[in-house]
Every structure is written in structure tokens, then in C-alpha cells.
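Thank you all for coming; I would like to walk you through one model this morning, starting with a charged pair and ending at the ligand. Please have a look at it before I go on.

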Amino acid sequence: MCGKETDVTPHAGHARHELDQTHRTMTDRRLSNSTRQALPASVTVPGYDRNRVVPGIVHLGVGAFHRAHQAAYVDDCLAAGETDWGIVGVSLRSADTRNALAPQDGLYTLAVRSSDSESLRVVGSILSMLVAPENPGVVLAALTDPRTSIVTLTITEKAYLRAAGGGLDTVHPDIAHDLANPQMPRTAHGFLAESLARRRVAGIQPFTVLCCDNLPANGATLRRLLVEFAALRGTDLARHIADEVAFPSSMVDRIVPATTDADRARISGQLGVDDAWPVMTEPFCQWVVEDDFPAGRPAWERFGVTMVGDVGPFEDMKLRLLNGSHSAIAYLGLLNGFETVDRAFADPAIRQFVDGLWAEAITTLPKDAGLDTTDYTAQLAKRYSNTALAHRTAQIANDGSQKLPQRIIASAMERMSGGAPPAYLMLVVAAWIAACETRGKSLPESHFTDPLDLALSALDIRHLSASEAVVAVFDLAGFAKGGAERLTLIDLAAAHLERLRQGGVAAAFTALGIASE
Ligand code: CS2
């Protein structure tokens, strides 16, 4: 696709980049195109000719989630004979994934784990990997390539650079940098705006932008932020993006715990060759996508993707029932010393709390959208009980200020406006604040992190009363900003925080009528 990328498949006529050679230090022992044929028969390997696959998708944010989810769906399409949808993976920050995958020709193992079994599959859909800070120009070239019809993103909530009120954080240094240096962007907004501008000048059809992060109305949200960013560039690019670029929303779902060194050793032992970065996941996998791809798309519906007109109800159900309860389990679990989701969820009091939380959140979901919340929560309970995943509560606890608005605050505000108190929902917010307060005390300082950490430590909330602390955090994070319900939510969260400070999770549960052992 573009001459200087680290091409991880041996395309005929493609010169390999020297970085590829540098990283190719253990070829004989590594998973790669040449060693994949010798893997044990129990391991599924790409049966298609990777040399025939051309890149049609650029993905920003090649973390474990992308590799367990979208890359696996695309791998299915390629295995069924499609050839136009290989993935060019872009890391916006670190070179780690590229360094692990380049010597492996982009191949990696996906380990699908349930409590009593594990199956291994080698995924071949990532054709090449780029590291944006090393060479932003090559990333722009990939995005501008006429063969790129879809740009997908899993860059995490905080990388959308939303200000507390939800608009673009126009004073963020990276936004200022990208406005001043459009040819050398750092942010997703900078890359998307500049490449869409170049395509427009060159008469190349815009790509479709498919957001796959856990944001509400994620396509519309990214569109709004990008149009805001483009308007700051002072051209009519904003109008072009608003009028000509499709931003379908999507709901993505698969639980993907961080890979540990023990996982690496176990998988490499089973393969008989080293895989520097296998990905662990659960059997469950779901992707619901709005069908708006003017430049074409893979036949995803053939492989279990649900293509719909409006993803909103699915997205709300997932954000509020799965992600909301995940955050609850993470913060309450951390406060009670549980390191993993399955252990926390096995605690009868936490389990009872999660049922109550689901009951509150379910009242905010649309009644006429055909959602089966009984089945959905039953499946969640099963997924959370998967003992093989060892999904760490600390992993989910990261970035609470970016996650809680769509997972908890939105439901709480809607519930309040319907006249019902969101008592369980607001305990999650209080538990987040309490968990932040325990860092540097019973938990290590960096046990989990948040973009607001510096501002939070400047506030020194531990020395404020519960009410003052909650008000300060709401202001900082922009929770319920401008909402009529704000004060009541603050009162509820402050009462919970006071109880958490005085008597821990047990005291907060007692006030809700939940008995702890
Ligand atoms: C989790 C999600 O880390 C988190 O915040 O809630 O990553 C969750 O595992 C996924 O959204 C599941 O699809």
C-alpha cells in the first residue's frame, strides 16, 4: 500500500522495511508465515493466501480488543474468499504491538477461553503495522490510499479528547499541535481531517469512518468532534466532512483481559513456537453495525455481525448493563480486595448489588426496541463467572472519568427525570471516588489511572468532606453538567461516599438493604 510501512506479509514486489529486519531476530522460533504450517493440528490457522489480500481497512488503535474482535471478523471474511479487506494496523502511541507482530508477519494467536476449555486460532487479517509517532506521513499515505474504503477506530474513550461538557477539548496540547502541524498529526482527529482533505483534493471518495469505542452514539459523537476540529482548521473541510463522510455507529462487545507473561508462555508452549503477543478472550462475541458504507464493506453479516439501521438501543443496553456493571464490579471489587471480575462477582453481596443496578438501568432502556434484557443479563452473569479470564478489576477501573458518563450518569439522569431515585447507580460513582482515594493508601498509587489524576491529586479530595469531594469531582469531570438532576445526584453520591469512608462497602450495602457476610 505505501512504500515505507512495516509490511508484515510477504507481498510480491513489496520491499520490506528495514525495521522489519531489525525485529526479525528469532524467526526460526517465532510464529510466522513460514512456521504456521507446522503448528499442532488443534490450532486453527488462516487457510487463505495472504499474498492475495489487499488492504482495504485502516485501523487506528491496534490493541488487544481490536485483535480479539474486528480483526477476527475480518479474518473470517478473508477465509471465506474475500480479498479486498486486509487491515493496516496503526498504533497512535506506542511501538509495542508492531514490535511484537512484525517478526511474526502480523500473525498472532487468539486464545478463546471458557472456565473449562481453551481453543487457539491464529489470525491473519492484519497485513501491516504502522506506528504513527515514528512516521505520521506514512499513516497519512495509508489513509489517503484509494484502496482504503473504511477507517475503524478503537483508541479508547480518552483519545477522543472530549472536554468536560462533551465537545472537543480545544485547549488540549495535542489538538493545538495538530492544528498548527496538519502534515504531522498526533491525534485521530488530526489524521482523519488531513487525510480526508487530501482525498478530497485528489478526487478520491472519502472512506467510511467506523468508530468501535464504547462511546454513546459513537459514530455521531466522532462526527461531531471531527467536524468541530475541521472547523478550527479554518477551511470548508468541516462542511465536506459533515456532508460527505459516513460515520455509522456500532456496538462492539467481547471481554479481553490484558495478556500476561504466563499467557505468553502457555500459548507459546502449546504452539511450539513463540508468540510475543497472543490475545486472550471469551467465547462470546457481538458486533452490531449501522449499515451505512458508501465506499463498500466486507460481507460481515455472513459472519455473525448484525447490520442494522439504528444501533442506539443495542448500544445503550451494552453500555448501561455490561459496561455499567463492569465499572461497579471493578470499583466495589477493588474496595473489597477482589483482583478479578469472577472473584468479585462470586461475592453474594456484590452479585445482589449488580442485580439491583441492572434493575435500575433497565428502566431507562427503550421498551419498544425488542431488547431481551432478561436473556442479556443472564448471559452477562455467565460471562462474568468465567474463571479462565482472570479479568482484572484494576484494568476496568482505568479512566473512570471518561467511562462513567455513558455507563452510569446517563442512566441516573434519565431515571431521575422519570421520578425514580438512582440509588444503586450513584453508589458506583461514589465507589469510583472512594477507589481513587485508596490509591497511595491500601492500593498502589498507579493501581489504575485516569486522565484526571493530576487534577484529582491537586484537589486532594481525601481531605474534603464527602459532599465537597463529590461536588469537586462532578465539576472536574463534567458529570451531569447543566442537568436539573445534578444536585440530587451529588447528594446521593455524597451520602454513599460518606458511608464508604466510614464503614466501607458493607456500610454502603447495608443502606441499600444488602447484607454482607
Ligand atoms: C470494560 C470493557 O475495561 C472496561 O472498561 O468494561 O473493556 C469491556 O470489557 C468491553 O466493553 C466488553 O465488550
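Let me begin with Asp261, which counts as exposed at 61% relative accessibility, where exposed means over 50% relative accessible area, buried under 20%, and partly exposed in between, with a 1.4 Å probe and protein chains only. Before I continue, please keep in mind that this is a predicted model, in which local features need pLDDT of at least 70 and side-chain atom pairs count only at pLDDT 80 or more, while totals for chains, interfaces and linings use all residues. Residues are numbered from 1 along each chain as its sequence is written, and side-chain values use heavy atoms, with hydrogens and water left out.

Asp261 forms a salt bridge with Arg264, their closest N and O atoms being 3.0 Å apart; by salt bridge I mean a side-chain nitrogen of Lys or Arg within 4 Å of a carboxyl oxygen of Asp or Glu. Arg264 is partly exposed, at 22% relative accessibility, and the two residues are 3 apart in helix H10 (residues 261-271), so about one helical turn separates them. Helices here are DSSP runs of H or I with at least four residues, strands are runs of E with at least two, and both are numbered from the N terminus.

In helix H10 we also find Asp263 and Arg266, again 3 residues apart, and this pair forms a salt bridge with its closest N and O atoms at 3.0 Å. Asp263 is buried, at 8%, whereas Arg266 is partly exposed, at 25%. Both belong to a network of salt bridges with Arg113 and Glu118.

A further pair is Glu437 and Arg501, whose closest N and O atoms are 2.6 Å apart in a salt bridge. Because Glu437 lies in helix H17 (residues 423-438) and Arg501 in helix H20 (residues 486-511), this pair ties together parts that are 64 residues apart in sequence.

Now to the ligand: which residues surround it? Taking those with a heavy atom within 4 Å, the list includes Asn214, Asp253, Arg254, Lys318, His326 and Arg407. Helix H11 gives the largest share of this shell, 3 residues. The side chain of Asp253 has an N or O atom 2.6 Å from a ligand oxygen, and a polar side-chain atom of His326 lies 2.8 Å from a ligand oxygen. Finally, domain 1 (27-308) and domain 2 (312-511) both give residues to the shell, so the ligand lies between them, with the domain bounds coming from an automatic or database domain assignment.

Definitions and conventions
Polar contact = N/O pair within 3.5 Å; in protein donor to acceptor, adjacent residues only side chain to side chain.
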